[in-house]
Amino acid sequence: MLDKGKLQRLQRALKPHLAHGWERAVFAAPQTDDGSARAERVLAGPGIGVAPSAAQVDALLAAAAEAAGAGLWKQTLVLDARRRVQVDARHGRATTRTLDEDTALKVMGGKERALRPDTSAALLREIGIMNADGSISATHARKYKQICHLATLCEPVIDRLAATRPISPAAPVRALDLACGNAYLSFVLAEVLRLRDVPLRLHGVDVRADVVARSIDRARALGLAAPEEATVQEATERDAAVLADGAEGRPVVGLSFAQADIAGAARTAPTRLGGVPDLVLALHACDTATDEAIALAIELGVPALLSVPCCQAELAAQRLARRPRRSR
């Protein structure tokens, strides 16, 4: 723990910044050189523009002091989307930082990106690229660039779709993510369309219940979940009901996910989406799933396909195992 003098200096440094509330406080250890995940604690605040109670201020100060004593010296008070208070807990100093254009450009690696740290922070944090304090670690910089590249690839596809039919909340872009895994491409597409104020109805399927559950939770955390989705079981039961009674599809804006294979998605997707998909996604769909996704897109007459093929290591191993050995 900090000694009494340092604790008092820390309290004096922080209190002037707390009067109008804060979004969250982040206590982190310095980033290590080996690329391992940094130790980090996040404490939710009362909210932006919400005057905190004395108890909330005391709790924050106590947490900051305790975290500093545990070696979490890199402390940040996130006031809102652009303003941060960088705290030097060891010496009791606090400095206000603003995410201005120069700072944003530095975070983006000196180049304008499709997903900016100021406008797409919620998504970048949720998929693990941006730290809770708004920084992007060197270990995540490459992945950040890859995600931004995917976003850039989505934009001309959406432009072409918008030229073929009117898009509105009653007739949103309909997308189907096959073998979605962690659904990174789904969430990137959703963010691209959010930034352009284009409504989206997306349904993702995967055979693994754990990744489907994570995608449902992530969609809810970002405020993107379709109204009818809550759990993997409910999503799966809804698919069963669709197959059983041929329930009519309806235009619901949002993202949904269910545990199903690609064949199952072929039967339920048009009803789930309220029509034939405008776009099929397949990001690193393993084994033959990429081929199945392409075949399904052709079968349904989908006008656009965004696919990043898998390395097909599983399929290659099977072919090698069946290859006859040459005699010497």
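**Cores, helices and an aromatic pair in a predicted model**

In this predicted model, residues 24 or more positions apart account for 70% of the contacts in the protein with a separation of 6 or more.

Reader: What does the secondary structure of the protein come to, and what percentage of its residues count as buried?

Author: The secondary structure comes to eleven helices and ten strands. The protein has 328 residues. The part of them that counts as buried is 43%.

Reader: Which helix gives the largest share of the largest nonpolar core?

Author: The largest nonpolar core has 44 residues, and those with the most contacts inside it are Leu189, Leu200, Leu202, Leu255, Phe257 and Leu279. Nine residues, the largest share of this core, come from one helix, residues 138–164. Another core lies apart from it, with 17 residues that include Leu18, Phe27, Ala29 and Leu61. The helix with the largest share of the 44-residue core is H5.

Reader: How far apart are the end C-alpha atoms of H5, and which elements do its buried residues pack against?

Author: With 27 residues at 1.5 Å a residue, H5 should span 39 Å, and the 41 Å between its end C-alpha atoms agrees with this. Its buried residues are Tyr144, Ile147, Cys148, Leu150, Ala151, Cys154, Val157, Ile158 and Leu161. They pack against helix H3 (101–107), H4, strand E6 (173–178), H6, strand E9 (279–283) and strand E10 (304–308). The end-to-end value asked for is 41 Å.

Reader: Is H6 largely enclosed by the rest of the structure or largely exposed?

Author: At 1.5 Å a residue, the twelve residues of H6 should span 16 Å, and its end C-alpha atoms, 17 Å apart, agree with that. The buried residues in H6 are Leu185, Ser186, Phe187, Val188, Leu189, Ala190, Glu191, Val192 and Leu193. Because nine of the twelve residues are buried, H6 is largely enclosed by the rest of the structure.

Reader: Which residues in the loop between E6 and H6, and which residue following H6, have a positive phi?

Author: Ala179 is in the loop between E6 and H6, and its phi is positive, about 50°, although it is not a glycine. Ala183 lies in that loop as well and has a phi near 60°; at 1% relative accessibility, Ala183 counts as buried. On the other side of the helix, the residue that follows H6 has a positive phi near 60°. The residues asked for are Ala179, Ala183 and Asp197.

Reader: Why is the pair of Phe187 and Phe257 classed as it is?

Author: The count of aromatic pairs comes to one. The two ring centres are 5.8 Å apart and the planes meet at 25°; since planes under 30 degrees apart count as stacked, the pair of Phe187 and Phe257 is stacked. The pair links distant parts of the chain, with Phe187 in helix H6 (residues 184–195) and Phe257 in strand E8 (residues 254–259), 70 residues apart. Both rings belong to buried residues, and the class asked for is stacked.

Reader: Which residue lies over the face of Phe187, and which residue of H4 touches it?

Author: The residue over the face of Phe187 is Arg218, at 6.0 Å from the ring centre. Glu126, in helix H4 (residues 121–126), touches Arg218 as well as Ala221 and Leu222, not counting residues up to four places away in sequence. At 30% relative accessibility, Glu126 counts as partly exposed, and its C-alpha atom is 9.8 Å from that of Phe187, 61 residues apart along the chain. The names asked for are Arg218 and Glu126.

Reader: Which residues of H6 does Leu200 contact?

Author: Leu200 is found in strand E7 (residues 200–206) and, at 6% relative accessibility, counts as buried. Beyond its neighbours within four places in sequence, Leu200 is in contact with Pro172, Val173, Ala175, Val253, Gly254 and Leu255, among others. Its contacts also include three residues that are buried in H6: Leu189, Ala190 and Leu193.

Reader: How many disulfides does the structure hold?

Author: Cys154 is buried, with a relative accessible area of 1%. Cys180 is buried too, with a relative accessible area of 8%. The number of disulfides in the structure is zero.

Technical notes
Residues are numbered from 1 along each chain as its sequence is written. This is a predicted model: local features need pLDDT of at least 70, side-chain atom pairs count only at pLDDT 80 or more; totals for chains, interfaces and linings use all residues. Side-chain values use heavy atoms; hydrogens and water are left out. Helices (H or I, at least four residues) and strands (E, at least two) are DSSP runs, numbered from the N terminus. Buried means under 20% relative accessible area, exposed over 50%, partly exposed in between (1.4 Å probe, protein chains only). Contact means heavy atoms within 4.5 Å. A nonpolar core is a set of buried Ala, Val, Leu, Ile, Met, Phe, Trp, Tyr and Cys residues joined through side-chain atoms within 4.5 Å. Rings of Phe, Tyr and Trp (its six-membered ring) pair if their centres lie within 6.5 Å; planes under 30 degrees apart count as stacked, over 60 as edge-to-face and the rest as tilted. A charge sits over a ring if NZ of Lys or CZ of Arg is within 6 Å of the ring centre and within 35 degrees of the ring normal. A disulfide is a pair of cysteine sulfur atoms within 2.5 Å. The expected span of a helix is 1.5 Å times one less than its number of residues.
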